[in-house]
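Here is a quick tour of ring contacts, a helix, a chain contact and some charged pairs. Have the viewer open as you read.

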Amino acid sequence: MNTNSKELKCFAANIRKMVLEATCNAKSGHPGGSLSAADILAYLYHTEMNIDPKNPADPDRDRFVLSKGHASPALYGALAERGFIPKEDIKTFRNAESYLQGHPDMKGVNGVDMSTGSLGQGISAACGMALAGKLNKKDYRVYSIIGDGECEEGQVWEAAMFAAHYKLDNLTVFLDFNNLQIDGNIRDVMNPTPFDKKFEAFNWNVIVIDGHNFEEIAAAVEKAKATKGMPTIIIANTIKGKGVSFMENQCGWHGTAPSVEQCEMGTAELDEYINSLGGAL
Amino acid sequence: MYKIGEKIATREAYGAALAEFGCDERIIVLDADLSKSTKTDCFKKVYPERFINAGIAEGNMLSVAAGMSACGNIVFASSFAMFASGRAFEQIRNSVGYPCLNVKIGATHAGISVGEDGATHQCLEDMGIMRTIPNMTIINPADATEARLAVKAAIDHQGPVYLRFGRLAVPTIFGDDYKFEIGKGVELEDGTDLTIIATGLMVPYAQEARNALLELGISARVVNIHTIKPIDKEIIIKAAKETGAIVTAEEHNIIGGLGSAVAEVLAENAPVPMARIGTQDVFGRSGTPQKLFEIYGLDTKTIVEKSKEVLAKK
């Protein structure tokens, strides 16, 4: 695959535009951690996962669990861009009439494989899906994104033990390492680092990448697929708010929605970026 | 299957039923390092490939169960009631209840009859905790026969089920002709003066109390409520209207469980004098189950006394 493709970059930029649109219209939500995870989601939903919007419940499909469920705007953006849900529904995010809940609801949204939002639980559910795949003799793979702050939850480490114990080599977890949680830098609030040594000690295959570099994301996923007998954690160094200049590396944008003006400014930046790639597809 | 009068713990019947009905290849059984006590080892012996030990990590186990059921499996997740409903409450609420997944929680060692292990292991609040979760069905079997049928019904039921089993060997009171249906209470004895509504191992005490009351010239109806949620409103309202007084009996805190559920039905539909037998909002302690039943008033004597009290309020 061509990881430098304009199409993939546009896919990611469009996710980011939808993150702004969703949170701006809702006047709430979590743009910062949605933007940091956007490139990983773009790669998975554009390039990697064996999924079909026409058959979202296919028992043989690859699964994705957004363990950091508050990044739902980015997941909805990926699902809209991939054709699972209509793009015009993005603006209904968090409205009482909408099916697009603040945190992903598997019962309400085509393409959402697990309801998440309470941190620590999604990675365990992903373990369950991966082990069920082995027991049910299915070839699908399971992907999940966890947050760096989320790793302060003890359940993440229960899941880490479980995945290694059952040799879940069909499970690939991305750690969105954007350094910031609600109350500040993760090292100041409750330091969960070092991630690489911890996951190594838990008997995982550990890969560290730039989470905004598609070549590195692709190479890491290929390495994960080739690794047998152990689960893989891809520690993705990311920038919270990535792609919207005034949101980058600001923990204040964890759970604050952009105003209409800010949304327009951010969207203009992203449109400019898309134009620099040679225009929208 | 089980002989009337035979003493057998409902957890034993749970393990045996898992093995008996486990041929369905969608079934996976998880346990948190207690398979010898929860009796899921009975399933493990027959279907080792579908038995998964999750280790001492109940929260993870319940979310793993959710993920498995999202892939089409019927998943039993077992631990002691305290840790299944207590430690893993939020995983059950968010990962299982909210998406209404097909996870069956096999919670053993419920109630004060755990005995010598003491208060930390005597779960007296699980029915109350589970009752607050939308989509949850709660079954508290009275004997081995009912426990076996509850497991079968849980397999056939689409959605989460909390199954509450005991450690203590209790008398089998139902025969092979016993009919079990989720959500349907069972009138075991008719009566006209009051109704004793019992659940779990309190059911045989309720039957004994009925006989003792008869000697005093009091006619008590006995109703077995095995499904705490959804509760059988009809049988409760009928009992209230026809007998005019209600006594509930459960091996659980009087807050949150059967007594609360019955009181809610009565208050909204047919208010009559009632009394709740159960632990009176206190923690348990170490001791033999029989001694603890006596201390905490979970016995025939207390049911008789409370029945007389409630009759005086009619």
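## Ground rules

A residue is called buried under 20% relative accessible area, exposed over 50%, and partly exposed in between, with a 1.4 Å probe and protein chains only. This is a predicted model, where local features need pLDDT of at least 70 and side-chain atom pairs count only at pLDDT 80 or more, while totals for chains, interfaces and linings use all residues. Residues are numbered from 1 along each chain as its sequence is written, chains are lettered from A and ligands numbered from 1 in the order written, and side-chain values use heavy atoms, leaving out hydrogens and water.

## Aromatic rings

Rings of Phe, Tyr and Trp (the six-membered ring for Trp) pair if their centres lie within 6.5 Å; planes under 30 degrees apart are stacked, over 60 edge-to-face, and the rest tilted. Over all chains, that gives 14 aromatic pairs. One of them is Tyr76(A) with Phe93(A), an edge-to-face pair at 5.8 Å centre to centre with 70° between the planes. Tyr76(A) sits in helix H3 (residues 72–82) of chain A and Phe93(A) in the loop between H3 and helix H4 (121–135), so the pair ties together parts 17 residues apart in sequence. Helices here are DSSP runs (H or I, at least four residues), as are strands (E, at least two), numbered from the N terminus. Both Tyr76(A) and Phe93(A) are buried.

Phe162(A) and Tyr166(A) make a tilted pair, 4.9 Å centre to centre and 50° between the planes. Phe162(A) is buried, at a relative accessible area of 4%. Elsewhere, Trp157(A), Phe199(A), Phe202(A) and Trp204(A) form one aromatic cluster. Charges get in on the act too: Arg63(A) lies over the face of Tyr140(A), 4.2 Å from the ring centre, and Arg50(B) does likewise over Tyr47(B), at 4.5 Å. For this, NZ of Lys or CZ of Arg has to be within 6 Å of the ring centre and within 35 degrees of the ring normal.

## Helix H1 of chain A

H1(A) covers residues 6–26, and its 21 residues reach 30 Å from first C-alpha to last, close to the 30 Å expected at 1.5 Å a residue. That expected span is 1.5 Å times one less than the number of residues. Of those 21 residues, 15 are buried, so H1(A) is largely enclosed by the rest of the structure. Right after H1(A) comes Lys27(A), with a positive phi near 55°.

## Where the chains meet

Chain B and chain A each put 25 residues into the contact, meaning heavy atoms within 4.5 Å. Together they bury about 1,900 Å², 59% of it on carbon and sulfur atoms. Buried area is the accessible area (1.4 Å probe) that two parts lose on being put together, summed over both. On the chain B side, Asn60(B), Cys71(B) and Tyr98(B) lose the most area to chain A, together 27% of what that side buries.

## Salt bridges

How many salt bridges run between chain B and chain A? The count is 0, with a salt bridge being a side-chain nitrogen of Lys or Arg within 4 Å of a carboxyl oxygen of Asp or Glu. The whole structure has 23 over all chains.

Arg221(B) is a good one to click on. Its side chain meets Glu187(B) in a salt bridge at 3.8 Å, N to O, linking strand S11 (residues 220–224) to strand S9 (residues 186–189) of chain B, 34 residues apart. Arg221(B) is buried at 4% relative accessibility, whereas Glu187(B) is partly exposed at 33%. Glu242(B) also bridges to Arg221(B), with the closest N and O atoms 2.6 Å apart. Shared partners join Glu187(B), Asp190(B), Arg221(B), Lys238(B) and Glu242(B) into one network.
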